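Here is a guided tour of one protein chain, written for someone new to reading structures. Keep the sequence and the 3D view open side by side as you go.

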Amino acid sequence: MHSTDHPDFSGLWIPLVTPFHENAVDHNALHTLTTRMRQAGVSGFCACGSTGEAAALSHEEENAVLATVLHASGGLPVMMGAADCHLGRMLDRVRELGRQPLAALLVPAPTYIRPSQQGLLDWFTRIADASTHPIVIYDIPYRTGATIELATLRTLARHPNIVAIKDCGGDAAKTQALIDDGALQVLAGEDVQIFSNLALGGHGAIAASAHAHTEHFVALLRLLASGDLASARAIWAPLQQHIRGSFAEPNPAPIKGWLARQGWMSAELRAPMMPASEAVIDQLCAIQLPELPTMQALRAA
Ligand SMILES: O=C(O)C1=N[C@H](C(=O)O)C[C@H](O)C1
């Protein structure tokens, strides 16, 4: 269960793309996008996650992105991605971010190194000790190369600063065990698993594909949280096609293509990311979702 000592990470969180124009961060587009998502009813934002192409940003650019998102968030909570494979640099960054008004830091395992479980315990514990913000563990072995085992997560969950997990672990039994334990808030980090995660008792989702059809995603999460599985299924069915399209090529290229077609920003990415194919963007743009006539009722619920 969610403890009142911690911020609540339930609901839909948008891991914001970082818009670029001629290779510079397009802060106007980022501000407008964040405002748009806020008005669609999201619960919070993640700045500089993998979808935000943080790996291609300097710390100065990341800080500027964060300032824009905080400004546009209108008081909604913002978590910030913090990733490195050098512990000293990572701790410096964590301390620096400690001065920002953040809901949490989103922290993956160090990439490439493939430490032991003891090494991962040490890594996350030292980061959590150094942080003035709560830590959301970003469990994404297919990007980091490191699997954080259930026993390790259970030990980490005892740290007062480690409060939630963005679950991209691909292990349904681990997800279920963490939800059952109730020590961490479990957020779906894989968009295709939003329905199952929430239906199993998970708390929320951080979903890149929800830059599009945001109100449908918001409604889906609210229906799942309220236990109305039948209504949630009706929204989920057409969203799955959109989610498949959003990840048909490396994220965030397809969703940036979709955003560009709406005229909200350029589809520009930073190397080594490549623009999505026109075919994938065409497919994404062709997906029509049913109206949400019940939105008002859902909002009132
Ligand atoms: O940036 C994120 O946070 C997300 N990253 C996932 C990824 O690794 O691409 C996708 C998820 O929707 C959000």
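## Two helices to start with

A residue counts as buried if 20 or more other C-beta atoms lie within 10 Å of its own, and as exposed if 12 or fewer do. Keep in mind that what you see is a predicted model. With that cut-off in hand, look at helix α9: ten of its 13 residues are buried, so the helix is mostly covered. The buried ones are T214, H216, F217, V218, A219, L220, L221, R222, L223 and L224. The length of α9 agrees with expectation, because 13 residues at 1.5 Å a residue should span 18 Å, and its end C-alpha atoms are 18 Å apart. After α9 comes G227, with a positive phi near 85°.

Now turn to helix α1, which covers residues 27-39. From its first C-alpha to its last, α1 reaches 18 Å, close to the 18 Å expected for its 13 residues. Which residues of α1 are buried? They are A29, L30, L33, T34 and M37. These residues lie on the same side of α1, because they cover an arc of only 130° around the axis. On the face turned away from that buried side you can find the exposed residues N28 and Q39.

What do the buried residues of α1 pack against? Their partners are the strands β1 (11-15), β3 (24-25) and β4 (44-47), together with the helices α2 (59-72) and α9 (214-226). So the α9 you have just visited turns up again here, as one of the elements that α1 packs against. Following α1 is G41, whose phi is positive, near 100°.

## The annotated active site

In an unreviewed entry, UniProt lists Y138 and K166 under "active site". They are spread over 29 residues of sequence, yet they cluster in space, with a largest C-alpha distance of 4.8 Å.

Each of the two sits in a strand. Y138 belongs to β7 (residues 135-139), while K166 belongs to β8 (residues 162-167). Are they buried or exposed? Y138 counts as buried because it has 28 C-beta neighbours inside 10 Å. K166 is buried too, with 30 other C-beta atoms within 10 Å.

Leaving out residues up to four places away in sequence, Y138 touches L106, V107, P108 and K166. With the same residues left out, K166 touches L106, V136, Y138, D139, L187, G189 and I206. Look out for I206, which returns in the next section.

## The annotated binding site and the ligand

Under "binding site", UniProt lists T51 and I206, again in an unreviewed entry. They span 156 residues in sequence, yet no two of their C-alpha atoms are more than 10.3 Å apart, so they gather at one spot.

T51 lies in the loop between β4 and α2, and it counts as buried because it has 22 C-beta neighbours inside 10 Å. Beyond its neighbours up to four places away in sequence, T51 touches P15, V17, A208, N251 and P252. I206 lies in strand β10 (residues 204-206) and is buried, with 29 other C-beta atoms within 10 Å. Setting aside neighbours within four places in sequence, I206 is in contact with W13, P15, C46, K166, L187 and G189. One of these partners, K166, is also listed for the active site.

How many residues are around the ligand? There are 13, and P15, G49, T51, A208 and N251 come nearest. Sorted by class, this shell has six nonpolar, five polar and two charged residues.

## Two more residues to find

R99 sits in the loop between α3 (87-97) and β6 (104-108). With 8 other C-beta atoms within 10 Å, R99 is exposed. R99 and H211 are 112 residues apart in sequence, and their C-alpha atoms are 28 Å apart in space.

For a contrast, find L198 in helix α8 (residues 194-199). L198 counts as buried because it has 27 C-beta neighbours inside 10 Å. Apart from neighbours within four places in sequence, L198 is in contact with L221, L224 and A225. L198 and P290 are 92 residues apart along the chain, and 22 Å separates their C-alpha atoms.

Key: Residues are numbered from 1 along each chain as its sequence is written. This is a predicted model: local features need pLDDT of at least 70, side-chain atom pairs count only at pLDDT 80 or more; totals for chains, interfaces and linings use all residues. UniProt positions are given in the numbering used here, feature names are shortened, and annotations may be inferred rather than shown by experiment. Helices (H or I, at least four residues) and strands (E, at least two) are DSSP runs, numbered from the N terminus. Two residues are in contact if their C-beta atoms, placed from the backbone, lie within 7 Å. The expected span of a helix is 1.5 Å times one less than its number of residues. The arc is that of the directions from the helix axis to the C-beta atoms. A residue is near a molecule or strand if its C-beta atom, placed from the backbone, lies within 6 Å of it. Ala, Val, Leu, Ile, Met, Phe, Trp, Tyr, Cys and Pro count as nonpolar, Asp, Glu, Lys and Arg as charged, and the others, Gly among them, as polar.
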